[in-house]
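Biologist: Hello! I have the sequence and the model open side by side, and I would love a walk through it. Could you take my questions one at a time?

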Amino acid sequence: MLALLGALKEEIKGLRRSMVLEETITQRGYHMYRGKYGNKAILLVQTGCGRERVERATEFILEHYPITALISFGF
């Protein structure tokens with residue numbers, strides 16, 4: 001599963017709209033969307049701003065999901 005991380009709602013909303021959502025998860029203040037984009041299984045994560053939030057979100061998803069690749073994006 002590919003994990004895509006963006007800090008802000010505005011950064012992830014286009015991808016979220018294009019996904020076929022299977023599950024919406026709110027955990028530890030992170031909003032996560034599990035589903036498909038094309039034929040790929042993805043986990044889209046809104047981490048919030050700041051290095052610590054991104055690090056904690058990354059640790060959480062790596063411990064709880066079968067992530068094979070991770071991409072962090074945004075402005």
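Biologist: Happy to start on a detail: is Glu 55 buried, partly exposed or exposed?

Modeller: Gladly, and please keep in mind that this is a predicted model. The relative accessible area of Glu 55 is 37%. Since buried means under 20% and exposed means over 50%, with partly exposed in between, Glu 55 counts as partly exposed.

Biologist: Which residue does the side chain of Glu 55 meet in a salt bridge?

Modeller: Look along helix 2, where the partner lies 4 residues apart from Glu 55, about one turn of the helix. The N to O distance of the pair is 2.8 Å. The partner is exposed, with a relative accessible area of 68%. The residue you want is Arg 51.

Biologist: Helix 2 seems to hold another such pair. How far apart are the closest N and O atoms of Glu 52 and Arg 56?

Modeller: Glu 52 and Arg 56 also lie in helix 2, 4 residues apart. Glu 52 is exposed at 56% relative accessibility, while Arg 56 is partly exposed at 42%. A salt bridge needs nitrogen and oxygen within 4 Å, and here the closest N and O atoms are apart by 3.8 Å.

Biologist: Now the sheet, please. In what order do the strands lie?

Modeller: There are 5 strands, and they form an open sheet with mixed pairing. The edges are strand 2 (20-27) and strand 5 (69-73), each of which pairs on one side only. From one strand to the next, the twist averages 20 degrees. Reading across, the order is 2-3-4-1-5.

Biologist: How many bridges join strand 3 to strand 4?

Modeller: Strand 3 covers residues 30-37 and strand 4 covers residues 40-46, and the two run antiparallel. To find your place, note that Tyr 37 stands opposite Lys 40 in strand 4. The number of bridges joining strand 3 to strand 4 is 7.

Biologist: At about what angle does helix 1 run to strand 4?

Modeller: Helix 1 spans residues 9-18 and lies across strands 1, 2, 3, 4 and 5. Helix 2 (residues 51-64) lies across those five strands too, running at about 50 degrees to strand 3. For helix 1 and strand 4, the angle is about 155 degrees.

Biologist: Back to charges: which residue forms a salt bridge with Arg 34 at 2.9 Å?

Modeller: Arg 34 is in strand 3, and the partner sits in strand 2, 11 residues apart, so by this pair distant parts of the chain are linked. Arg 34 is partly exposed at 23% relative accessibility, and the partner is partly exposed at 34%. Glu 22 belongs to the salt-bridge network with these two residues. The partner at 2.9 Å is Glu 23.

Biologist: Which residue lies over the face of Tyr 33?

Modeller: This one is a charge over a ring, and the structure holds 0 aromatic pairs. The distance to the ring centre is 5.4 Å, and the cut-off for such a charge is within 6 Å. The residue over Tyr 33 is Arg 16.

Biologist: One last question: is Thr 47 buried or exposed?

Modeller: Thr 47 is in the loop between strand 4 and helix 2. Its contacts beyond four places in sequence include Leu 5, Tyr 30 and Val 54. The relative accessibility of Thr 47 is 1%, and buried means under 20%, so Thr 47 counts as buried.

Definitions and conventions
Residues are numbered from 1 along each chain as its sequence is written. This is a predicted model: local features need pLDDT of at least 70, side-chain atom pairs count only at pLDDT 80 or more; totals for chains, interfaces and linings use all residues. Side-chain values use heavy atoms; hydrogens and water are left out. Two strands pair if DSSP finds at least two bridges between them. Axes are lines fitted to C-alpha atoms, for helices over the stretch in contact, and angles run from 0 to 180 degrees between N-to-C directions. Contact means heavy atoms within 4.5 Å. Buried means under 20% relative accessible area, exposed over 50%, partly exposed in between (1.4 Å probe, protein chains only). Rings of Phe, Tyr and Trp (its six-membered ring) pair if their centres lie within 6.5 Å; planes under 30 degrees apart count as stacked, over 60 as edge-to-face and the rest as tilted. A charge sits over a ring if NZ of Lys or CZ of Arg is within 6 Å of the ring centre and within 35 degrees of the ring normal.
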